[in-house]
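Me: Could you take me through the reading of a sheet and of a helix pair, beginning with the order of the strands and ending with the residues in contact?

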Amino acid sequence: MDKKRIVVFIGPSLPLKEAKKILDAEYHPPVARDDVVVLLNDPPDIIGIIDGVFYQQPAVSHREILRALEAGVTIVGGSSMGALRSAELDYAGMIGIGTVYKKYRDGIIESDDDVAIVFNPLTHELLSEALVNMNHNFQMAEKEGIITLNEVETLYQTAKNIYYPQRTYPRVLKDSKLEENKKKDLEDFLDSKGTDIKAEDARKVLNYIKTLV
């Protein structure tokens, strides 16, 4: 049986080294407008979309993903841009995977601002934090009794009001007017138990694609 050709667009959501350990594929930088169209000159069997550009340059369009689906390419998305596009295009056959995808699908989050971050283009090191990760961790901290539901909402609104390139935990805590002792407890929680649901979803996407080959 011929080996299936897999192309995955990935960036800051998961280190490339870790991705390669999970799935043998052609890895490309975060997807931008027309990147999928170019692939259709020699269509792969499967395209995985994890990361994509949002504001720096035009984002991957719905039309080009639809073209690829019509050409018989299996497209799997999750984590970041992949979660957003798959929630918008699952009706057409794009496969959505993971927590962030489900949040978009169910209307819990709606904006690309929820997953937008900035990163070092050379190293893909995160320079800001995704709002969807922040809110998840604030909710987990509430479940542990560290903060109240009202404080979760305050922290979320504080984070949302910060322009995404400056959105970091230290900035949110500084602007939130949370009591100092709670700030310290929350910092300790984030350091020890904070989770990155975008990274978790990126792993889920790669592991799902593995089941297709």
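Me: In what order do the five strands of the open sheet lie, and is the pairing parallel or antiparallel?

Reply: A sheet is read across its strands rather than along the chain. In this predicted model, the open sheet runs in the order E2-E1-E3-E4-E5, with parallel pairing. Its edge strands are E2 (26–28) and E5 (95–97), each of which pairs on one side only, and from one strand to the next the twist averages 20 degrees.

Me: How many bridges join strand E1 to E2, and which residue of E2 stands opposite Val-7?

Reply: Two strands count as paired once at least two bridges are found between them. Strand E1 (residues 6–9) and E2 are joined in the parallel sense by three bridges, and the residue of E2 that stands opposite Val-7 is Glu-26.

Me: Which strands does helix H4 touch where it packs on the sheet?

Reply: Helix H4 (residues 81–89) touches E3 (46–49), E4 (74–78) and E5, and its direction makes about 120 degrees with that of E4.

Me: At what angle do helices H7 and H8 pack, and is their crossing right-handed or left-handed?

Reply: A helix pair is described by an angle, a distance and a hand. Helix H7 (residues 149–160) and helix H8 (residues 169–176) pack at about 115 degrees, their axes lying 9 Å apart, and the crossing is right-handed. H7 contributes Thr-154, Leu-155, Thr-158 and Ala-159 to the contact, while H8 contributes Val-172, Leu-173, Asp-175 and Ser-176; by class, these residues divide into four nonpolar, three polar and one charged.

Conventions. Residues numbered from 1 in each chain as written. Predicted model: local features only at pLDDT ≥ 70, side-chain atom pairs only at ≥ 80, totals over all residues. Heavy atoms only, no water. Axes fitted to C-alpha atoms, helices over the stretch in contact; angles between N-to-C directions. Helix = DSSP H or I, 4+ residues; strand = E, 2+ residues; numbered from the N terminus. Left-handed = near helix turned anticlockwise from the far one by under 90°. Contact = heavy atoms within 4.5 Å. Nonpolar A, V, L, I, M, F, W, Y, C, P; charged D, E, K, R; others polar.
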